[in-house]
Amino acid sequence: MEATSFLHCFFLLFSSLLLLIFIRSWFPLSKPEFLLDCSEYSSWCTSKNRIQAKSGVALQTLKPKPKPIDHLTETPKHPLDPLTIQEINKVRSILSFYPPFLSSLPSIHSLSLDEPEKSTVLNWKRGDNLPTRKASIIAFLNDQSHVLVVDLDDNRVISHRVDPVSGYPILTDEDMSIATKIPLENAEFIGIITSRGVKISDLACISLATGWYGPDEEGRRLIKVQCFSKQGTANFYMRPIEGLTVTVDVDMKEVVKISHTGKDIPIPKATNTDYRYSVQNLNKPLNMKPINPISMEQPLGPSFSVEDGHLVKWANWEFHLKPDSRAGVIISQAKVRDPDSGKLRSVMYKGFPSELFVPYMDPSDAWYFKTYMDAGEYGMGLTAMSLVPLNDCPRNAYYMDGVFAYTDGTPYVRSNMVCVFERYAGEIGWRHSESPASGRSERPKF
């Protein structure tokens, strides 16, 4: 029962991490644009592309809620805490003085905590000195993948190997941005776009999985590019230039192949494809009774607490939670307190989605390669969007930021990436009562 209860809790927690992977812009992400500063107003926030949360509370009555963590001064409190801004900057400095990279700093594709051994973590107690902090790096330079470990206490690289295994590291925003620009310099591609009746200024292109497309393409970092018309709508995915796929070499910055099998497939019209709240026709009457707002109230506040930024405690459960660039979120050291003995019992040392595999399974030339590896090719944390209070998460939710590194090793913050909240799961179907034969008959009184 305890394992089942934890799996339920685990599912609810992961459901609070909303990842927008395949409907994002696929260009380098900057700080999301909000009508309000969501880092200050955690109880009320409205994005440009989402339906505004309705409430009877006037905006002027809301008070700014300070962020729980100051990332500029943040220090790790637990052996499994993610790397801080200061630690990521330190890694970048160490690599810049590392002899193999003196002439050119490699492209950083992954930079995260190199977690201590399990036995070390289990023996650590709150108040003890932290084990040696290390960083694990996957970098790309001169057509080779470099796997390194940096000791942050000794300020040095303690492990470095050139990965001989076939394959390439996770795609970066820079890779995807370069890939979408390469076709724009190809005359054949420009001619196809013009013949399909699309202006270059209305073109929106996305870069898809690197994949493997046959022995002739072995040893090259190739990306498939497909394009859409954004004319008349923000939802360009509804207007694909079907049958047009461009294979590009992201390192050589050249077009390898153009497949154009959709010449006779018309581009869908833009009518009624814009999903944004600001462009909806809200003046016409609805053929339905409006639905009143629904809110779960917690007059005494939430029942869970978060200590040191990552230790979540709820009822007789506690676990370490952190955002992760690849897995999205990681739950570690999940424990339950035995109601009889009062002792904490270990349920799970570490849990996370190792991969989400999405095969489209269409054999046509424009679709066969679409077998997304969400974690391995894009990073479920790297492609996560900032959550909007009252739209994505209810009142009393606790928000965690992700701290990641750009391709050049510079740290940045993905604000409000994870939210933790309670959800009432009571259902009338779970209620149990005996029949009148048990002597518990309840007769109505008049």
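Select helix α2, residues 85-96. Helix α2 lies across β1, β2, β3 and β4, where contact means heavy atoms within 4.5 Å. Its direction runs at about 115° to β3. Such angles run from 0 to 180 degrees between N-to-C directions, with axes fitted to C-alpha atoms, for helices over the stretch in contact. Helices (H or I, at least four residues) and strands (E, at least two) are DSSP runs, numbered from the N terminus.

This is a predicted model: local features need pLDDT of at least 70, side-chain atom pairs count only at pLDDT 80 or more, and totals for chains, interfaces and linings use all residues. Residues are numbered from 1 along each chain as its sequence is written, and side-chain values use heavy atoms, without hydrogens and water.

Next, show the four strands beneath your selection command. They form an open antiparallel sheet in the order β1-β2-β3-β4. Color the edges: β1 (107-113) and β4 (156-162) each pair on one side only. Neighbouring strands are turned by 20° against each other on average, direction ignored. Two strands pair if DSSP finds at least two bridges between them.

Now go to β2 (residues 134-141) and β3 (residues 144-151). Eight bridges join these antiparallel strands. Pick Ile137: its bridge partner in β3 is Leu148.

Finally, zoom out to the protein chain. Its secondary structure comes to six helices and 17 strands. Of its 446 residues, 43% are buried, meaning under 20% relative accessible area with a 1.4 Å probe, protein chains only. Among contacts between residues at least 6 apart in sequence, 60% join residues at least 24 apart.

Definitions and conventions:
Buried means under 20% relative accessible area, exposed over 50%, partly exposed in between (1.4 Å probe, protein chains only).
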